[in-house]
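Please open the structure in your viewer and keep the sequence beside it, so that each residue can be selected when the tour comes to it.

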Amino acid sequence: MSPSLTGGNDTSITSPIPQEIDHTKPMKEKSSSTPSLSSDRSSANSLSSTMNAAATSSKNNLDSNHTPANETSETAATTATSSRAHTPITSGTSLSSVSTSSHRPTDEDSPILSPANDDDDDDHAANAPRSYYYLTPLAVRNLPSYQYHGADLSLLYQRVLSPLAGWLVDRATPSWLAPNAITLLGLAWMATSYAIVWWHCPGLYEANDRVAGALRGSDDGSDVGDVPRWIFLFNGVAMLAYQTLDNMDGKQARKTRSSSPLGLLFDHGCDAVNSILGSANWMAAMAMVPGSLDRWMGGGGHEFETPPSAVSAAFGGDEVLAALLVFCPMIAFYVSTWEQYYTGKLILPPFNGPSEGLVLGASLSILSFLYGPMIWQSTSLVDTALDACRPVVGSSLQSWKGTVRNMDLIVLSSVLALLQEISLKIRFVLRTHGAHTLRTLLPHALLVGGFL
C-alpha cells in the first residue's frame with residue numbers, strides 16, 4: 001500500500017512506490033511498463049494546466065488575506081516544483097493541499113499568513129501620530145504592558161486598613177462592580193462633604209466664633225451658631241469611607257483581573273483631586289482664617305481678637321499656614337510620583353498621608369463635631385503640657401504659655417511629616433539615579449516657592 005500525505009481537509013495525495021523490475025522477464029514486458037513519449041507530453045500538459053489553475057486559486061486565496069501577489073506566486077511555484085519532483089498531481093487537486101510533510105503550516109509558521117509580527121508593531125508604533133505631549137513612541141508601545149509595583153510600609157495599613165479592605169472585597173463586593181466605580185465612589189464621598197462644608201462655610205472661617213461675631217456686630221460672637229457641627233462629623237466619615245474605598249479598588253481589580261494602566265491613572269488622578277478637598281475641609285473644621293479678613297472685607301478696619309501665635313508669626317501669618325495645609329499633601333503626592341517615575345516603584349514610608357494622615361484628619365473632624373471647631377484655636381494642649389513639665393524644667397518655658405494654638409501643632413506636624421517623607425525619597429533617588437533628576441523637581445519647587 002502506498003503512503004498518503006495529507007495536505008487539506010479531506011484531500012489525500014497518493015505517492016506511488018517505484019516498482020521493482022523483474023530482470024527474468026523478456027525485454028518486451030519491461031519496455032511495456034515504460035511510459036511512451038506521447039504519454040509524457042500528455043502528463044506534462046496536464047501538469048502545466050493543473051499548476052496554472054492551482055497558482056491562480058492560491059493567488060486569489062492569499063490576496064483575500066492581503067498577501068502580496070509576488071510572494072504568492074513564488075510560494076506556489078516552489079510548492080509545485082517540490083511536489084512535481086516527488087509526487088504526481090492529479091486533476092482536481094489544489095496546490096494548497098500539496099505538502100511534502102505531515103505537518104500542516106499555520107499562521108505562526110508562515111509570516112506571509114500571519115496578520116502581524118513584531119516588526120509590524122514596531123513600524124506601526126514608530127509611524128503612529130504624535131498625539132501625546134509627554135509620552136514618547138516607545139512609552140506608548142510599552143504602556144499596555146505596564147505593571148504597578150508599590151508597597152505601604154505603614155503598620156496601620158498592614159494590620160488594619162488592608163485586611164479590612166480585603167474582607168470587604170471578598171465578602172461584600174460583587175464581581176460585576178468595576179474597580180474604577182469604587183474609586184469614583186470614594187471621590188464622590190469627599191466631593192459631597194466639600195460641597196456641604198462650602199455651603200455652610202464658603203470662606204472657611206465662618207466656624208470661627210470670634211471672627212464671625214465681629215463681622216456681624218457682636219463682640220463675643222454669642223449670636224453666631226448657624227454653622228452646624230454635624231458637617232464635621234460627615235467629613236470625618238467621608239474621609240474614612242474614601243480611604244477604605246481607595247484601598248479596595250486595587251484589590252477588586254486583582255480579584256476581577258481587570259488591572260490596567262488606565263485604572264492606575266484614574267486612581268491617582270482622584271487622589272490628586274481629593275488632596276485639595278481634604279485640606280479645605282480641615283481648615284473649616286479648625287475654624288482657621290486663611291488670610292487677611294480685613295483685606296477681603298474691603299479694608300474696613302475690622303479688629304479681630306485672636307490669641308497671639310508664635311508659630312503664625314514665625315511663618316508669616318495664618319495665610320501661610322493655610323497654604324502649607326494645602327501644599328503639604330500636594331508636595332508629598334508629587335514627590336512620590338516623581339520617585340516612581342525613576343524607580344518604577346511607589347513605596348510609602350511607615351508614617352504616610354494615605355494611611356495615618358487620613359485617619360488623623362478624620363479624627364480632627366470628629367473632635368470638631370464633639371467639642372466645637374474653636375477647640376483648635378485654643379492653646380490648651382501646649383499649656384497643659386507646660387504645666388505638667390514645670391516641676392522638671394522650671395519656669396524657663398513658661399513664656400510659651402498661651403502662644404501655641406492647637407491648630408499650630410497640626411500644621412507643624414504636617415510640615416514635619418512632609419519633610420521626613422520627601423527627604424527620604426529625594427535622597428534615595430539621588431543615590432540611585434544621580435543629581436540630574438533634580439531638574440524634574442524644579443517646576444514644582446518654583447510653583448510652591450513662588451506662592452509662599
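The tour below goes from the whole chain to single residues and ends at a patch on the surface.

Before selecting anything, bear in mind that this is a predicted model, in which local features need pLDDT of at least 70 and side-chain atom pairs count only at pLDDT 80 or more, while totals for chains, interfaces and linings use all residues. Residues are numbered from 1 along each chain as its sequence is written, and side-chain values use heavy atoms, with hydrogens and water left out.

**The whole chain**

Show the chain as a cartoon, and you can look for 17 helices and 4 strands; here helices (H or I, at least four residues) and strands (E, at least two) are DSSP runs, numbered from the N terminus. Of the 452 residues in the chain, 36% are buried, where buried means under 20% relative accessible area, exposed over 50%, and partly exposed in between (1.4 Å probe, protein chains only). If the surface is switched on, its accessible area comes to about 27100 Å², and 60% of this belongs to carbon and sulfur atoms; such areas come from the Shrake-Rupley method with a 1.4 Å probe, and for residues only the protein chains shown count as cover. Among contacts (heavy atoms within 4.5 Å) between residues at least 6 apart in sequence, 79% join residues at least 24 apart.

**Helix α9 and the loop after α9**

Select Asn247, which belongs to helix α9, residues 230-256. Is Asn247 buried or exposed? Asn247 counts as buried because its relative accessible area is 15%. Next, add Tyr157, Leu161 and Ala165 to the selection, since these are the residues in contact with Asn247 when its neighbours within four places in sequence are left aside.

Move on to Arg257, in the loop between α9 and α10 (261-285). Arg257 has a relative accessibility of 81% and therefore counts as exposed, and its phi is near 55°, a positive value in a residue other than glycine.

**The loop between α10 and α11**

Now select Ala287, which is placed in the loop between α10 and α11 (293-296). Although Ala287 is not a glycine, its phi is positive, at about 55°, and with a relative accessible area of 0% this residue is buried.

**A nonpolar patch**

Finally, select Val392, Val393, Leu397 and Trp400, which make a nonpolar surface patch of about 390 Å². Patches are made of residues with over 30% relative accessible area and no salt bridge, with like charges joined within 9 Å and nonpolar side chains (Val, Leu, Ile, Met, Phe, Trp, Tyr) within 5 Å; a salt bridge is a side-chain nitrogen of Lys or Arg within 4 Å of a carboxyl oxygen of Asp or Glu. Within this patch, Val393 lies in helix α15 (residues 380-393) and counts as partly exposed because its relative accessibility is 36%.
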